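Biologist: I'm new to this structure and would like a close look at one part. Could you walk me through the surroundings of the ligand?

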Amino acid sequence: MIDDKKVLFSGMQSTGNLTLGNYLGALKNWVSLSDEYECFYSVVDMHSITVRQDPAELRKRARSLLTLYIAAGLDPKKNCIYYQSHVSGHAELAWILNCFTYMGELNRMTQFKDKAAKHADNINAGLFTYPVLMAADILLYQADVVPVGKDQLQHLEITRDIAQRFNGIYGDVFTIPEPYVGKSGARIMSLQDPSKKMSKSDENQNASIYLMDDPDTIIRKFKRAVTDSEACVRYCEEQPGIRNLIDIYCACNDVKPEDVEKEFDGKGYGDFKMAVGESVVSVLKPLQERYEQLSKDKAYLDSIIKENAEKAQYYSNKTLRKVQKKIGFPERIR
Ligand code: TYM
């Protein structure tokens, strides 16, 4: 709790171009929850280096992601929006938690298996202990709730396990966090292969909608989206392409799949795809405009970056000192 408010933590990696999946699965919910909680939203640039990055590009993307958080509607005066690498406590707590995490647990992580297969020439230890750094992110702020897409639920589960293990030994040190998954949009799939999640790293540009895509590109990508030959807008397992488009439509318009089935009863896929494309354009356009404006204001962004890093450092130190004391590190002499 901070000032009687429960705490929320979440983050995104500053790699690649953000997709509609990142927005509907996470960012959109962050905005809707931001009044209710004391929020920490991190640009997790330390996680990004588990895969090789070009330094200049990484720096640019981190700033662009931070700007996007604000453009999406998060008020940086109320929400702590900061770079993970500016707060040393993340790495410090991660080291400690590494000593309370088992190899067997980490071996089960599907994201590790996927990434190791994709980057077979660089299966580094950071990639393996990635979930421990993520646990440190969350536990450092004593977060009650963590809004994420479905693909991150396994990481949330291991975070809870580590926290419970630690608390079991040292008493109530960490708050046990709960995941928050939105009703729609928690798993947006590729537009070209609805059995795969929409991902920043997909090589097929038509598979993902990027947050900075212009309206024509968005409409074109939806027109080309893979569907089936049933020719009716129905929300079911057998029509994964249409199901995904319905999910997107629902998340953009805050409606339920039944409403969409009714609205498009008797209409063909062409009409429906167009409507989905237009809904996405109307969600992304204002965000893109705010992003363009904000990016120009260097002094404002710099001040946000500085203030919020200090705030995050302050709260994270509170937990870190407590943990260090519990495990028996010597006291600091003042
Ligand atoms: P990342 O950067 O891959 O994704 C950021 C957020 O977007 C969600 N997401 C999706 N949701 C629905 N459909 C999709 N196709 C889709 N793709 C991505 C993710 O679930 C996530 O919520 N490990 C995390 C970053 C992280 C983090 C944390 C998150 C580091 N520390 C602490 C929460 C709390 C990651 O790689 O997310």
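Modeller: Happy to! One term helps at the start: a polar contact is a pair of N or O atoms within 3.5 Å. Please also keep in mind that this is a predicted model.

With that in hand, let's begin with D151. An N or O atom in its side chain lies 2.4 Å from an oxygen atom of the ligand, and D151 is also listed among the closest residues around the ligand. Another of those closest residues is I188. Here the backbone takes part: a polar backbone atom of I188 is 2.8 Å from a nitrogen atom of the ligand. N22 makes a contact through its side chain, where a polar atom sits 3.1 Å from an oxygen atom of the ligand.

Now let's step back to the whole pocket lining. On its own, the ligand has 700 Å² of accessible area, and the protein covers 97% of that. In total, 26 residues surround the ligand. The closest are D151 and I188, which we have already met, together with Y130, D137 and G149.

So, to retrace the path on screen: start at the side chain of D151, 2.4 Å from a ligand oxygen, move on to the backbone of I188, 2.8 Å from a ligand nitrogen, and finish at the side chain of N22, 3.1 Å from a ligand oxygen.

Technical notes
Residues numbered from 1 in each chain as written. Predicted model: local features only at pLDDT ≥ 70, side-chain atom pairs only at ≥ 80, totals over all residues. Heavy atoms only, no water. Near = heavy atom within 4 Å. Polar contact = N/O pair within 3.5 Å; in protein donor to acceptor, adjacent residues only side chain to side chain. Areas by Shrake-Rupley, 256 points an atom, 1.4 Å probe, with all protein chains shown as cover.
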